[in-house]
Amino acid sequence: DTGTYVLPTNVVIDATDSGVMIQGPTGDGHTAELDRANFATGSYVFDLADADDVTLSHLTLRSGYYGVYAASGADVDGLRIEASEIDGSSALVGGQSRYGVYLVSTSHDDAVLVDNRVHGMSSSGVSLAGPGARIIGGIYFDNSYGMYLTGSGSLVQGIEAFGNSQYGVYVNGAGSEVLDSEVHDNAAGGIDAGNNIRVAGNTVYGHRDSSDTGIRISGAGALAENNVVYDNFNGLSVNSDARAIGNRSYGNEVGIVAASFGGRVLGNSVYSNNTGIYVAGYSTYDSLVQNNLVYGNFGNGLLVADGSGHVIENNTIYEMTGDAVSVQGTASNVTLRNNILSVADGYAIRVADTSQVGFASDYNLFDLSGIALLGMWQGVDYLDLKEWGHVLGLDTNSQVTDPEFIDPDGPDGIL
């Protein structure tokens with residue numbers, strides 16, 4: 001029934017209660033509020049002890065060390081929490097809950113959270129370690145992590161996560177997915193995902209402090225595809241052979257970063273950033289940058305800073321200011337081939353003295369306008385392709401010509 005209920009003890013649901021549904025009122029303006037009014041260790045609103053298939057629906061849970069808890073030694077499967085609010089504060093006593101939902105044993109399978117509002121936790125709003133967890137819809141804000149999932153085969157879909165002091169969404173269980181969500185204005189970043197996780201169809205923005213990242217993926221099999229990322233410091237970061245495919249990244253300090261242990265940047269649209277794509281890495285790790293459309297950035301279209309063996313091929317880079325490709329730092333053995341490099345006020349290719357070892361460039365199309373130059377090598381400017389090829393042996397099969405873009409700035413006249 002509607003009302004506020006102060007709980008002097010935990011509500012314990014054990015194996016004999018498996019299958020129980022606890023439901024509050026569903027009508028507008030009617031709320032069943034359960035306030036534990038205690039933040040001490042061991043205080044919970046609900047304590048699940050080997051109970052399976054429990055449903056908590058249309059409730060407001062407040063305070064407790066955790067809101068909903070299952071011990072690591074228990075086996076709680078099929079928990080469902082729906083259309084509820086879990087609030088880390090109490091109306092009666094001061095303090096803050098640590099977790100809203102805390103099921104961190106891999107024995108807690110197939111938890112489902114649908115359309116909940118979870119906020120005000122000193123740690124994660126939701127922490128789930130069991131396989132098959134699903135968080136669908138709902139709002140997660142004012143926590144440390146909005147949600148923290150480590151079980152395999154988990155799904156996050158259609159949620160909004162914002163205003164958390166770390167990442168909005170952290171997922172690190174193989175075979176998991178983060179889909180169709182809006183993640184914004186968290187203090188450290190938007191979505192952080194690990195090995196064999198797919199991050200797709202999300203809109204991520206508002207992570208602006210130095211090194212904050214909209215979407216960060218790392219590890220073999222990790223994939224970010226068809227996301228929109230904007231107004232972040234780093235729009236999207238790939239590492240350890242993770243792949244970014246078909247994303248749109250704009251209005252960031254750096255559009256896409258491939259660094260440390262290398263990544264794959266394939267078929268993305270990257271524009272209106274300060275730097276379009278930034279490639280670095282440890283000395284023995286390489287990245288592949290292929291089939292991207294990079295344009296209208298305010299500095300370099302593509303900046304290679306460190307690492308060895310990077311391949312940059314089949315990209316279209318169109319920059320009115322800054323360089324199309326700049327290779328610097330300790331980068332070595334960089335290969336640049338079959339790209340369209342169009343510049344108006346910078347270099348198509350700039351190679352620092354420290355980055356010349358193993359550098360190779362050929363089969364590119366150069367489009368030079370304004371005060372653009374074809375290249376810089378050892379501090380010497382090159383405008384003529386024949387001289388560039390004769391002196392350096394680079395781009396002997398490349399050409400300077402009009403790429404015949406069709407209306408590159410579109411009907412609004414804005415690149």
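Colleague: Which residue stands opposite Met376 in S47?

Modeller: Arg350 stands opposite Met376 in S47. Please keep in mind that this is a predicted model, in which local features need pLDDT of at least 70 and side-chain atom pairs count only at pLDDT 80 or more, while totals for chains, interfaces and linings use all residues. Residues are numbered from 1 along each chain as its sequence is written, and side-chain values use heavy atoms, with hydrogens and water left out.

Colleague: What makes strand S44 and S47 a pair, and in which sense do they pair?

Modeller: A strand is a DSSP run of E with at least two residues, just as a helix is a run of H or I with at least four, and both are numbered from the N terminus. Two strands pair if DSSP finds at least two bridges between them. Strand S44 (residues 347-351) and S47 are joined in the parallel sense over 4 bridges, so the requirement of at least two is met.

Colleague: How do you know that S47 also pairs with strand S48?

Modeller: S47 and strand S48 (residues 380-382) are joined by 3 bridges and run antiparallel, so they too satisfy the requirement for a pair. One bridge places Gly375 with its partner Tyr382 in S48. S47 and S48 make a hairpin with 2 residues between them, and Gln378 in the turn has a positive phi of about 50°.

Colleague: Why is S47 called largely enclosed?

Modeller: A residue is buried if its relative accessible area is under 20%, exposed if it is over 50%, and partly exposed in between, using a 1.4 Å probe and protein chains only. In strand S47 (residues 373-377), 4 of the 5 residues are buried, so the strand is largely enclosed by the rest of the structure.

Colleague: How many residues of strand S32 are buried, and which strands pair with S32?

Modeller: In strand S32 (residues 254-258), 5 of the 5 residues are buried, so this strand is likewise largely enclosed by the rest of the structure. Strand S29 (residues 234-239) pairs with S32 in the parallel sense over 4 bridges, with Val238 opposite Ala258. Strand S35 (residues 275-279) also pairs with S32 in the parallel sense over 4 bridges, and there Val254 has Thr275 as its bridge partner.

Colleague: What makes strand S20 mostly covered, and which strands are joined to S20 by bridges?

Modeller: Of the 5 residues in strand S20 (residues 167-171), 5 are buried. S17 is joined to S20 by 3 bridges, the two running parallel, and Leu149 has Val171 in S20 as its bridge partner. S20 is joined in turn to strand S23 (residues 189-193) by 4 bridges, again parallel, with Tyr167 standing opposite Gly189 in S23.

Colleague: Is Ser154 buried or exposed, and how do you know?

Modeller: Ser154 has a relative accessibility of 4%, so it counts as buried, even though it lies in the loop between strand S17 (147-149) and strand S18 (155-157).

Colleague: What does the side chain of Ser154 reach?

Modeller: The side chain reaches the backbone oxygen of Gly151 at 2.9 Å. A polar contact is a pair of N or O atoms within 3.5 Å, where within protein one must be able to donate a hydrogen and the other to accept it, and where residues adjacent in sequence count only if both atoms are side-chain atoms. The distance of 2.9 Å falls within that limit.

Colleague: Why does Val343 count as buried, and which residues is Val343 in contact with?

Modeller: Val343, in strand S43 (residues 340-343), has a relative accessibility of 1%, so it counts as buried. Contact means heavy atoms within 4.5 Å. Leaving aside neighbours within four places in sequence, Val343 is in contact with residues including Glu319, Asp323, Ala348, Leu368 and Leu373.

Colleague: What is Val93 called, buried, exposed or partly exposed?

Modeller: Val93 has a relative accessible area of 34%, so it is partly exposed; its place is in the loop between strand S10 (85-87) and strand S11 (99-103).

Colleague: How much of the whole chain is buried?

Modeller: Buried residues make up 55% of the 415 residues in the chain, whose secondary structure comes to 1 helix and 49 strands.
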